[in-house]
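Got your viewer open? Load the model, put it in cartoon mode, and let's walk through it one selection at a time.

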Amino acid sequence: EEAPVDEDSASAEITVLGEATAVDAEGNPVETNSEFAGGVATEGEFTDEVSLADEVEVSGDISVDENDVGKVVDIVVFALFINADGVADYFMLNQEGGVELWGSDTGGEMPDVSNLATFQSGIELGDTQFVMMFTGKFVYPGPLAIQFGYRTAEGTVVTNADPIDISITEEETAPTDEAPVDEAPVDEAPVDEAPVDEAPVD
């Protein structure tokens with residue numbers, strides 16, 4: 001399902017992720033009517049597969065629950081990554097945009113939300129909230145499931161229930177036994193002939 005993005009977003013369309021999920025500071029489920037959309041774009045087009053060579057933008061929109069509109073919140077961003085050995089690790093973004101380990105070898109279970117880093121702080125929620133999560137290149141290949149949302153002053157964390165799923169592949173390289181461009185043959189003068197006529201020297 002596709003829907004228009006907020007006008008500040010990078011592209012014309014974005015994937016609807018549906019209703020949100022929410023937990024309180026103790027990790028207990030709570031109700032929310034917020035809804036999410038988001039995706040990974042390269043060259044202005046949203047996609048579900050990129051390579052390590054691609055410049056990407058990860059962004060999303062939140063249609064905020066009317067009970068949360070006007071609240072000052074923290075924005076949070078985290079992702080589940082499964083490495084080549086099948087180990088499932090959760091990572092999170094901090095306020096410098098750096099990546100921190102949230103939970104290692106979790107078996108896919110979300111870690112304690114009380115330990116979730118803040119990505120952006122002091123954000124007053126409107127009816128809709130645009131979040132630019134990442135711009136640049138990914139550094140490891142594999143499947144990545146990205147979630148984002150907001151944390152209220154009471155500690156309630158509201159995020160997309162369905163993650164932004166992206167497959168990251170190895171960077172493609174040109175074969176080493178082939179020239180990168182076609183080369184035209186070069187005519188060479190015979191080595192026993194002078195390239196120009198030479199006048200006799202007195």
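The stops below go from the whole chain to the cores, then to a glycine and the salt bridges.

**Whole chain.** Keep in mind that this is a predicted model. Color by secondary structure first: the protein chain has 14 strands and zero helices, so you'll be reading β after β from the N terminus on. Of its 202 residues, 39% are buried. Now switch on a surface: the accessible area is about 12500 Å², and carbon and sulfur atoms account for 46% of that. If you draw a contact map, count the pairs at least 6 apart in sequence; 62% of those contacts join residues at least 24 apart.

**The largest nonpolar core.** Select V40, M133, F138, L144, I146, F148 and Y150 as sticks. These have the most contacts inside the largest nonpolar core, a set of 31 residues. Which elements give two or more residues to this core? Highlight β2 (13-23), β3 (35-42), β6 (56-63), β7 (72-82), β11 (128-136), β12 (142-151) and β14 (164-169). The biggest contributor is β7, with five residues.

Now center on V40. Leaving out residues up to four places away in sequence, its contacts include V56, V58, F138, I146, I164 and I166. E45 and E57 also touch V40.

**A second core.** Next, pick V76, Y90, M92 and A145. They are among the 13 residues of a second, separate core.

**A glycine in β11.** Jump to G136, which lies in strand β11. Is G136 buried or exposed? It's buried, at 14% relative accessible area. Show D54, E55 and V56 too, since G136 touches these three once residues up to four places away in sequence are set aside. Then put a distance label between the C-alpha atoms of G136 and E57: they are 6.8 Å apart, although these positions lie 79 residues apart along the chain.

**Salt bridges.** How many salt bridges does a search of the whole structure find? Two.

- Select D68 and K71: their closest N and O atoms are 3.1 Å apart. D68 is buried at 9% relative accessible area, while K71 counts as partly exposed at 31%.
- Select R151 and D74: here the closest N and O atoms are 3.5 Å apart. R151 sits in β12 and D74 in β7, so this pair ties together parts that are 77 residues apart in sequence. R151 is buried at 12%, and D74 is partly exposed at 21%.

Terms used. Residues numbered from 1 in each chain as written. Predicted model: local features only at pLDDT ≥ 70, side-chain atom pairs only at ≥ 80, totals over all residues. Heavy atoms only, no water. Helix = DSSP H or I, 4+ residues; strand = E, 2+ residues; numbered from the N terminus. Buried < 20%, exposed > 50% of the residue type's maximum accessible area, 1.4 Å probe, protein only. Contact = heavy atoms within 4.5 Å. Areas by Shrake-Rupley, 256 points an atom, 1.4 Å probe, with all protein chains shown as cover. Core = buried A, V, L, I, M, F, W, Y, C linked by side-chain atoms within 4.5 Å. Salt bridge = Lys/Arg side-chain N within 4 Å of Asp/Glu carboxyl O.
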